[in-house]
Amino acid sequence: MSATETLKTANTTSGKAATGRLFYLEASGGRIHSVNADGSDRKVIVTGCRVPDGIVVDVEAGHIYWTNMGVPSKNDGSIERADLDGKNRVTIISEGKTFTPKQLHFEKKSGKLYWCDREGMRVMRANLDGSNIETLVDTSKGDARPGTDLTKWCVGITVDPDRGQIYWTQKGPDDAGKGRIFRAKIDIPKGETAANRTDIELLFDGLPEPIDLEIDLKNRFIYWTRGNTVNRASIDADFAKHPTPDILLTHLMEGIGIALDFKGNRMFLTDLAGTIYSAKLDGTEKKPLLVAQGNLTGIAYAEINTKEN
């Protein structure tokens with residue numbers, strides 16, 4: 001899709017139109033932007049964020065949720081919510097409850113938010129109002145928080161609600177090839193804890209710094225960003241045979257955020273150099289939508305209902 005392509009608009013029986021919209025995070029400026037999926041009509045909708053990293057959209061409720069990493073040593077990470085236009089902003093996970101929340105996942109079926117706590121070395125979830133905070137996976141192995149072992153840092157997360165599974169990345173040190181992707185049941189096995197659960201599967205090892213994750217439940221693929229590439233693999237593979245992921249596209253400048261639009265057969269990507277890209281789900285037709293936008297992190301795509309003229 002080119003930056004000048006007419007934005008796809010789907011008419012609905014309710015007299016409204018569903019318009020593709022991107023929400024992305026500018027970590028360097030502490031801002032949240034909203035833009036049409038062709039790169040037009042960019043708006044700053046939230047300011048004053050403390051290193052925002054992950055963002056999701058609840059279209060039906062008209063909300064965005066995002067994580068603020070804050071400063072790891074201060075344990076001041078948080079999760080906030082606002083309306084789609086940035087109004088009615090509230091903090092739902094306050095400081096002191098999660099160290100450095102990274103990618104965020106909205107799971108509609110259970111009404112839960114899932115996120116990775118990087119220096120906290122945890123996979124966590126909570127209700128949409130911030131209540132009932134749970135630690136699902138604790139990778140610390142007894143290390144004090146904030147943790148300094150990058151192999152234990154949890155970063156990207158996605159959920160398969162149909163099979164009751166969570167997927168997450170553990171980044172590893174820069175340029176070390178020690179990144180990993182794991183999978184486990186959402187619920188901790190009976191009689192076990194987040195720290196000693198025995199159902200964790202190692203899917204991929206020796207990766208160069210896997211970051212954000214997305215899942216295609218229909219076609220059973222998992223996508224992730226790492227370094228300058230986007231990768232994809234079947235989640236039904238025999239991981240004991242160490243399958244090789246497919247590299248779908250290259251030449252990102254430290255890719256971070258990824259969002260999938262299945263109806264449009266496209267993905268959207270951000271990198272720390274400040275570019276938003278679109279491409280088909282197979283990685284072809286990669287094109288920049290916006291450039292020089294600051295240090296970009298998370299991105300979300302949603303079809304927003306708007307009144308017809």
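**Close-up views of a predicted model**

**View 1. Ser28 sits in the loop between E2 and strand E3 (31-36).** The model shown here and in the other views is predicted. Ser28 is partly exposed, because its relative accessible area of 46% falls between the limits of 20% for buried and 50% for exposed. Leaving out residues up to four places away in sequence, Ser28 touches Gly294 and Asn295. Gly156 is 128 residues from Ser28 along the chain. The C-alpha atoms of Ser28 and Gly156 are separated by 20 Å.

**View 2. The largest nonpolar core has 14 residues.** Phe23, Ile32, Ile55, Ile64 and Trp66 have the most contacts inside this core. At least two core residues come from each of strand E2 (16-26), strand E4 (43-46), strand E5 (52-58), strand E6 (63-68) and strand E25 (296-307). E25 supplies the largest share, three residues. Apart from this core lies another, of 13 residues. Its members include Tyr114, Cys116, Leu136 and Val159.

**View 3. Ile32 and its contacts.** Ile32 is among the residues with the most contacts inside the largest nonpolar core. Neighbours within four places in sequence are set aside here. Ile32 is then in contact with Tyr24 and Leu25, with Lys43, Val44, Ile45 and Val46, and with Cys49, Ile55, Ile64 and Trp66. Of these partners, Ile55, Ile64 and Trp66 are also listed among the residues with the most contacts inside the core.

**View 4. Four strands form an open sheet in the order E17-E18-E19-E20.** The pairing is antiparallel. Strand E17 (210-216) and strand E20 (246-249) are the edge strands, and each pairs on one side only. On average, neighbouring strands of the sheet are turned by 30 degrees against each other, direction ignored.

**View 5. E17 and strand E18 (residues 221-226) are joined by five bridges.** The two strands run antiparallel. Glu214 has Tyr223 in E18 as its bridge partner.

**View 6. The largest pocket has a volume of about 1,000 Å³.** Its lining comprises 36 residues. Val57, Phe106, Leu260, Phe262 and Tyr301 lie nearest the pocket centre. E5, strand E9 (101-107), strand E13 (154-160), E17, strand E21 (255-261) and E25 each supply at least two lining residues. E25 gives the most, with six residues. E25 also supplies the largest share of the largest nonpolar core.

Methods: Residues are numbered from 1 along each chain as its sequence is written. This is a predicted model: local features need pLDDT of at least 70, side-chain atom pairs count only at pLDDT 80 or more; totals for chains, interfaces and linings use all residues. Side-chain values use heavy atoms; hydrogens and water are left out. A nonpolar core is a set of buried Ala, Val, Leu, Ile, Met, Phe, Trp, Tyr and Cys residues joined through side-chain atoms within 4.5 Å. Buried means under 20% relative accessible area, exposed over 50%, partly exposed in between (1.4 Å probe, protein chains only). Contact means heavy atoms within 4.5 Å. Two strands pair if DSSP finds at least two bridges between them. Axes are lines fitted to C-alpha atoms, for helices over the stretch in contact, and angles run from 0 to 180 degrees between N-to-C directions. On a 1 Å grid over the protein atoms alone, a cavity is a set of points where a 1.4 Å probe fits but cannot get out, and a pocket is an open set with protein on both sides within 12 Å along at least five of seven lines; lining residues have an atom within 4 Å of a point. Grid points are joined across faces, edges and corners, and a volume is the space filled by probe spheres set on the points.
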